[in-house]
Amino acid sequence: MFFQPKIIDCLKYYNRASFFNDAVAGITVGVVALPLAMAFAIASRLTPEAGIFTAIIGGGLVSLLGGSRVLIGGPAGAFIVIVYGIVERYGVPNLLLATVMSGIFLLLMGALRLGTLVRFIPVAVIIGFTNGIAVLIGLSQVKDFFGLSIDKMPAQFFQAIQTLYLAANTVNPVALSLACGSLTLILLWKMLQKHLGWLGHLPGTVVAMISATVVTALFNLPVDTIGTRFGGIPSSLPHFEWVSITWGTAQFMIAPALTLALLGAIESLLCARVADGLIHDRHESNQELMAQGIANIVTPFFGGMPTTGTIARTVTNIESGANSPAAGAVHALTLLLVVLFAAPLAKDIPLASLAAILMYVAWNMGEWKKFIDLKQFRLPYRLTILSVFLLTVILDLTVAIQVGLLCAFITFIYRISSLSRCEPADPTLFPALNPHQGRIDAYRIYGAIFFGAVRLLEKIEENLPSQTLILDLKNVIYVDTSGMETIAELTHLCKVRNIKLIICGLDHQPYEMTQRSAYLETISADCLYPDLASGIAAATNN
């Protein structure tokens with residue numbers, strides 16, 4: 001079927017035990033998602049409820065309509081840098097517009113069955129920008145981690161560094177102590193989690209947030225909280241607001257929307273692949289993209305931010321025993337109940353504690369070991385990963401991905417072209433060539449004849465024999481349009497010089513290419529032979 005959410009298949013074998021496991025997993029993930037959703041929204045220069053509403057609406061839609069059994073959707077750390085930049089440059093209303101547009105792009109990608117194409121993005125590019133985003137997330141939290149007095153953090157890297165340096169003398173010791181205590185508690189909780197019995201099921205981020213909130217409220221600590229900065233979070237359902245869409249503004253949001261869509265597709269499908277490996281199942285990538293698209297179209301109308309698959313919450317969902325997308329729906333319902341009945345308690349959550357949580361998330365998000373292992377890889381791989389990383393941090397994620405893909409494509413073309421080669425046929429294997437040396441030349445071509453390897457045939461043109469040219473294409477696996485044109489040019493040159501051209505071993509894709517290009521109509525039937533030996537025999541007998 002064109003549109004078939006995974007939940008439809010799962011319900012065929014659903015039972016009471018499955019629902020119990022999904023309910024436990026959903027509640028667990030909902031508790032984990034609460035501090036992360038607020039932290040991601042605040043770091044993106046949005047209100048805390050924007051992150052929570054995104055986790056509720058976007059997460060619920062992704063679970064109910066997606067192509068994975070266990071994937072959890074919601075706001076993600078990878079989007080912080082992009083969302084922050086869009087808000088900084090275009091404002092919140094245009095962020096909502098860009099999110100809707102990215103949802104349309106994602107929906108179209110899924111409908112056009114382009115989900116598998118995302119897998120072609122090289123690992124070096126993914127690692128480079130993931131680590132770059134992790135650095136930027138960590139940098140964005142320095143202000144609240146140290147309690148610095150900064151009115152507005154710039155989005156650009158060097159300006160941010162300068163702003164932090166100028167405000168270094170405004171450190172709030174209480175905020176710093178609270179942040180360090182929260183981070184220490186998260187790390188200790190993770191180390192001792194297996195020895196804490198049923199308490200070990202609680203994530204360290206939640207324990208740290210609750211502990212910091214209690215301490216802040218009891219001692220009335222002089223630190224920024226959700227209440228002092230945002231006035232708390234509303235204890236009501238998100239309400240519908242129409243997103244203003246005009247062509248005058250939409251045309252400027254195409255590039256940011258494409259960036260959001262591309263990153264959302266990569267993040268979601270990578271998350272789904274990780275989940276597949278853990279539950280030994282296979283997700284439907286195009287269905288997942290369509291679900292992500294619908295979630296991103298709907299969520300902005302309720303004040304939400306971009307939605308994507310989240311690896312940490314998905315892994316938590318799996319480890320908690322989730323069996324089906326129902327767990328994701330329970331996770332969204334859990335967050336909704338928290339908003340309705342426990343929202344007033346959020347006003348005392350200190351931003352320093354949320355900054356510590358995001359520092360921890362950023363560290364775990366980055367694949368830092370890959371940098372240590374760079375010496376094991378070739379120079380092109382190192383240049384790609386380092387250029388994407390530095391460009392993500394210093395300039396812009398969109399530029400970084402474009403440059404990374406360009407480097408990867410150039411490297412790929414160079415390597416494939418270097419694997420293609422042309423060798424003269426060995427006279428010891430074909431003795432009939434010896435008496436006709438200079439009048440008959442035979443060549444064996446290996447690999448692919450494409451735009452990056454047409455030089456192989458051009459070299460043959462420079463040394464044409466006087467009577468017959470034999471080409472063995474048995475080991476050619478691919479011919480593109482440029483390669484076909486080069487073969488046609490060689491054929492024409494042979495006709496002009498009255499040289500007989502014999503082609504041997506033409507099969508599979510190269511043969512189909514000659515048919516589609518009408519090349520076979522330009523040569524006679526006695527110029528085609530199944531193998532090199534028969535071609536040489538025909539040439540020497542004439």
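Visitor: Which residues line the largest cavity?
Guide: In this predicted model, the largest cavity is lined by Ala 39, Ile 42, Ala 43, Gln 141, Asp 144, Leu 351, Leu 354, Ala 355 and Leu 358.

Visitor: Which elements give two or more residues to that lining?
Guide: Two or more residues each come from helix 2, which spans 16-43, and from helix 17, which spans 351-365. The largest share belongs to helix 17, with four residues.

Visitor: How does the lining of the largest cavity divide by class?
Guide: Seven of its residues are nonpolar, one is polar and one is charged.

Visitor: And how much space lies in the largest cavity?
Guide: The largest cavity holds about 40 Å³ of space. The structure has one cavity of 30 Å³ or more.

Visitor: Let us turn to pockets. How much space lies in the largest pocket?
Guide: The volume of the largest pocket is about 1,600 Å³. It is lined by 49 residues, and those closest to its centre are Ile 311, Ala 312, Arg 313, Val 315 and Thr 316.

Visitor: Which helix gives the most to the lining of the largest pocket?
Guide: Helix 13 does, with seven residues. Several helices supply at least two residues of this lining, including helix 6 (123-140), helix 10 (204-219) and helix 15 (311-319). By class, the lining of the largest pocket has 27 nonpolar, 14 polar and eight charged residues.

Visitor: What is the volume of the second largest pocket?
Guide: The second largest pocket measures about 1,100 Å³ in volume. Among its 47 lining residues, Val 81, Tyr 84, Gly 85, Glu 88 and Ala 155 are the closest to the centre. Helix 4, made of residues 80-90, contributes the most to this lining, with nine residues. The lining of the second largest pocket divides into 28 nonpolar, nine polar and 10 charged residues.

Visitor: Now the surface. Which residues make the nonpolar patch?
Guide: Ile 104, Leu 108, Leu 112, Leu 114, Leu 117 and Phe 120 form a nonpolar surface patch of about 590 Å². One of them, Leu 108, is placed in helix 5, which covers residues 92-111.

Visitor: Why does Leu 108 count as partly exposed?
Guide: Leu 108 counts as partly exposed because its relative accessibility is 46%, and partly exposed is the class between under 20% and over 50%.

Visitor: What about Pro 173: buried or exposed?
Guide: Pro 173 is exposed, because its relative accessible area is 57%. Pro 173 belongs to helix 9, residues 173-192.

Visitor: How many residues apart in sequence are Pro 173 and Gly 147?
Guide: They are 26 residues apart in sequence, and their C-alpha atoms are 7.7 Å apart in space.

Conventions: Residues numbered from 1 in each chain as written. Predicted model: local features only at pLDDT ≥ 70, side-chain atom pairs only at ≥ 80, totals over all residues. Heavy atoms only, no water. 1 Å grid on protein atoms, 1.4 Å probe; cavity = no way out; pocket = protein on both sides within 12 Å on 5 of 7 lines; lining within 4 Å. Points joined across faces, edges and corners; volume = space filled by probe spheres on them. Nonpolar A, V, L, I, M, F, W, Y, C, P; charged D, E, K, R; others polar. Patch = residues over 30% accessible without salt bridge, like charges linked within 9 Å, V, L, I, M, F, W, Y side chains within 5 Å. Areas by Shrake-Rupley, 256 points an atom, 1.4 Å probe, with all protein chains shown as cover. Salt bridge = Lys/Arg side-chain N within 4 Å of Asp/Glu carboxyl O. Buried < 20%, exposed > 50% of the residue type's maximum accessible area, 1.4 Å probe, protein only.
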